[in-house]
Amino acid sequence: MQLHFWGTRGSIPVAANGLIVREKIKKALLLAKGHHFKSEEQIDRFIDESIEFPTQYGYGGDSSCIQILGGDEHMLCDMGSGLRRFGQHIMKKYGPQNPKVYHFFMSHVHWDHIMGFPFFPPAYIPGNIIHIYGGHRIEILEDAFRRQQSSPCFPVYWDQLGADIQFTQLKENKWHEINGFRIKPKRQVHHGASFGYRIEKGGKALVYSTDAEHKQENEKDTAGILDFFHNADVVIFDAMYSLADMITIKEDWGHSSNIVGVDLCLRAKVKHYCMFHHEPAYNDETLFGILQETRRYAEIVREDHPLKISTAYDNMLIDV
Amino acid sequence: MEFASQKILDVTLVKIQERVDHSTAKDFQNALKPHLDQCIRGEQKKIIIDLGGVDLMTSAGLRVLMIAAKTCDKHKAEIAVAALQPGVQEIFKISRFDLILKVFPTVSSAIEKLSPEAIEEYKTHH
């Protein structure tokens, strides 16, 4: 199983404006002062080895969309703005005359998780089959997509789409066999509820758990989460806020914090904790700083369990 | 987990020992409860938690602290934490709790700030 992150930002997509680009160029030039490069390869090596991640690359700004590779057909979680780039990639790779089957697992249908669909070219092409799965009732799922593609929100209406689109409600806490994977949805605390997915294949386990507020109010609820995360190879976790924000001004906003993720992943013996659904107000430097702090927190609190910690970024690939 | 509390004029000083994590957070909450109940009844206005004996506090423990702070705030009482060990101090910074709670380097500096009258009493006995 391999993961390709097409969108990692929470709530709303963000873009690097001219001032941000200028600051990155300035930092890079300052670091390159006094260096002489004889080839493009030397420049690439310098960028890779001497310029920190926030300046040389950054986290990107597309909203939630993750591709899970390893099945015969295409499989993704959520349809945030990152889906637009996935659609472009597919069109470039296969062209318009090559029908495919797509499986989408929806955490929920808040706007930042469905906004990529009107810009997903395969939806417009007859012959493609698109399965949209969720823990919510079909009417809730379908209504959100139809409303998004109706007047006055969008000029191409839902019924004009060419693909065969099918909605399926998955029973929560039950295993489902889809595209060669075993998949179990779990209800999460979020406005209108969201669903996390535990996805397994070939002895490997991935948990996609975004838009979830893990309050740790009682051990019974927490035990359910720990069971869901247990021994996972990768947990993609909503680490949108600091703990202070999560339990004060942003309480009940439906998101978790970076250090709650560490505590839950340590207790559940997770191997790789991947922070996701980044606060749109945070720039690349802030997200990079939070990653260092989160790793430090894990160093302080962990006893013997080693935990790999990363921050998801657009275009990141992970082998599970 | 060990707890002790003492009254210094109008200040209640609660002393906590050991780590505060998911396995001890409930004990921590129970230890604070009688003092918070006094705040709710208007019998208590100033609480200082001495964390000098706490070598580690996870998010579960921080949550208990925040509930206590919210309760105090709601009932116009003051709460502060004091004498954080370096690791706990770092956790406060990482969680941004240093920005939302009153944190003092020592118990005496906390008492001095919350109750100038109580500091003499405290110094006499320490």
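**Exercises: strands and core in a predicted model**

Strand β1(A) and strand β14 (residues 317–319) of chain A pair in the antiparallel sense, over 3 bridges. The model behind these exercises is predicted.

**Exercise 1.** Find the bridge partner of A:Q2 in β14(A), then that of A:L3 in β2(A).

*Solution.*
- Start with β14(A): A:Q2 bridges to A:D319 there.
- Turn to β2 (residues 65–69) of chain A. β1 (residues 2–7) pairs with β2(A) in the antiparallel sense too, over 5 bridges.
- Within β2(A), A:L3 has A:I68 as its bridge partner.

**Exercise 2.** Describe the largest nonpolar core and state which helix gives it the largest share.

*Solution.*
- The core holds 116 residues.
- Residues with the most contacts inside it include A:I66, A:L206, A:F229 and B:I48.
- Helix α2 (residues 59–74) of chain B supplies the largest share, 8 residues.
- Now take B:I48. Beyond four places in sequence, its contacts include B:V11, B:L13, B:A80 and B:L114.

**Exercise 3.** Check the span of α2(B), then trace what its buried residues pack against.

*Solution.*
- Count: α2(B) has 16 residues.
- Span: first to last C-alpha is 22 Å, close to the 22 Å expected at 1.5 Å a residue.
- Burial: the cut-off is 20 or more other C-beta atoms within 10 Å. Among the residues of α2(B) that are buried are B:L62, B:R63, B:V64 and B:C72.
- Packing, chain A: these buried residues meet α8 (243–246) and α9 (258–267).
- Packing, chain B: they meet α1 (25–40), β3 (46–53), β4 (78–82) and α3 (86–95).
- After the helix: B:K76 follows α2(B) with a positive phi, near 55 degrees.

Definitions and conventions
Residues numbered from 1 in each chain as written. Chains lettered and ligands numbered in written order. Predicted model: local features only at pLDDT ≥ 70, side-chain atom pairs only at ≥ 80, totals over all residues. Core = buried A, V, L, I, M, F, W, Y, C linked by C-beta atoms within 7 Å. Buried ≥ 20, exposed ≤ 12 C-beta atoms within 10 Å, placed from the backbone. Helix = DSSP H or I, 4+ residues; strand = E, 2+ residues; numbered from the N terminus. Contact = placed C-beta atoms within 7 Å. Expected span 1.5 Å × (residues − 1). Pairing = 2+ DSSP bridges.
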